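Morning, everyone. I will go through the packing inside one chain, starting with the cores and ending with a pair of helices. Here is the structure.

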Amino acid sequence: MKLTVFGATGGVGREIVRQALDAGHQVTAVVRDPARLAVTGAGLEVYRADLGDPQAVRAAVAGRDAVLSGLGARSRKDAGVTARLTRTVLEAMEAEHVRRLVVVSAAPVGPPAEGEGALDRLMLGAVSLVFKDIYADLRETEAELARSATDWTVVRPPRLQDKPLTGVYRRVIGGFPRKGRFIGRADVAHAMLAAVRDGATVGRGVGVAY
């Protein structure tokens, strides 16, 4: 497949690029600073672009089978950037008639797990309060997706860890795994790549966790 990856220098985005190349896909990694992308491969195209300009992004998505986004605020002071940059991606995709889009969000943005215990609900509430600006940004991002003409999927992980790829995790379409508290960035990337071909995830949120 021909894939475009936004946020390719971030933890999840870099793993998407690496795993997609390993699977034999052609990957266009959209970055602001190519020196920050520590991934190489025969099927890789590094595309430098200003994500504030939809016209500059159109060439990166034209003719692609799917787009994956690891975009996200790195701190509370960056809150708002995810929705803004996602709007740019959506405008470029719609202009080029590219429909499939898989985006990373976060567990607190989606519905709680069925039968979740009081302790887990309390922990989730505390995290949501501390990072409320970031989660508000992600909620607006998801609202932008819902208003778009794309075939979108949102993957919602809990707390992220730097762990090797396992490919073994729980996944709930339209919900979240009970007592799901952690997952590695590599496995989030794995779930996002798997969702590209999974029609059951179109227009849905997907909770993932160990």
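Keep in mind that this is a predicted model. The largest nonpolar core has 30 residues, and the members that touch the most others are Ile16, Val17, Leu68 and Met192. Which elements each supply at least two residues of this core? They are the strands β1 (2-6), β2 (26-31), β4 (66-69), β5 (100-104) and β10 (204-209), together with the helices α1 (11-22) and α6 (185-196). Helix α6 contributes the most, with 7 residues.

Take Leu68 as an example. Not counting neighbours within four places in sequence, Leu68 is in contact with Leu3, Thr4, Val5 and Phe6, and also with Ile16 and Val102. Its other contacts are Met192, Leu193 and Val196.

There is also a second, separate core, with 22 residues. Val30, Val81, Val89 and Leu101 are among them.

Now the helix pair. Two packed helices are described by the angle between their axes and the distance between those axes. For α3 (residues 81-96) and α5 (residues 132-147), the angle is about 20° and the axes are 7 Å apart. Angles under 35 degrees count as roughly parallel, so α3 is roughly parallel to α5. Their crossing is right-handed.

Which residues meet there? From α3 we have Val81, Thr82, Ala83, Thr86, Arg87 and Leu90. On the α5 side they meet Asp137, Leu138, Glu140, Thr141, Glu144 and Leu145. Sorted by class, this contact has 5 nonpolar, 3 polar and 4 charged residues.

Val81 comes up twice, then: in the second core and in the contact between α3 and α5. That is what I have for today.

Definitions and conventions
Residues are numbered from 1 along each chain as its sequence is written. This is a predicted model: local features need pLDDT of at least 70, side-chain atom pairs count only at pLDDT 80 or more; totals for chains, interfaces and linings use all residues. Side-chain values use heavy atoms; hydrogens and water are left out. Axes are lines fitted to C-alpha atoms, for helices over the stretch in contact, and angles run from 0 to 180 degrees between N-to-C directions. Helices (H or I, at least four residues) and strands (E, at least two) are DSSP runs, numbered from the N terminus. Angles under 35 degrees count as roughly parallel, over 145 as roughly antiparallel, 65 to 115 as roughly perpendicular and the rest as oblique. A crossing is left-handed if the near helix is turned anticlockwise from the far one by less than a right angle, and right-handed if clockwise. Contact means heavy atoms within 4.5 Å. Ala, Val, Leu, Ile, Met, Phe, Trp, Tyr, Cys and Pro count as nonpolar, Asp, Glu, Lys and Arg as charged, and the others, Gly among them, as polar. A nonpolar core is a set of buried Ala, Val, Leu, Ile, Met, Phe, Trp, Tyr and Cys residues joined through side-chain atoms within 4.5 Å. Buried means under 20% relative accessible area, exposed over 50%, partly exposed in between (1.4 Å probe, protein chains only).
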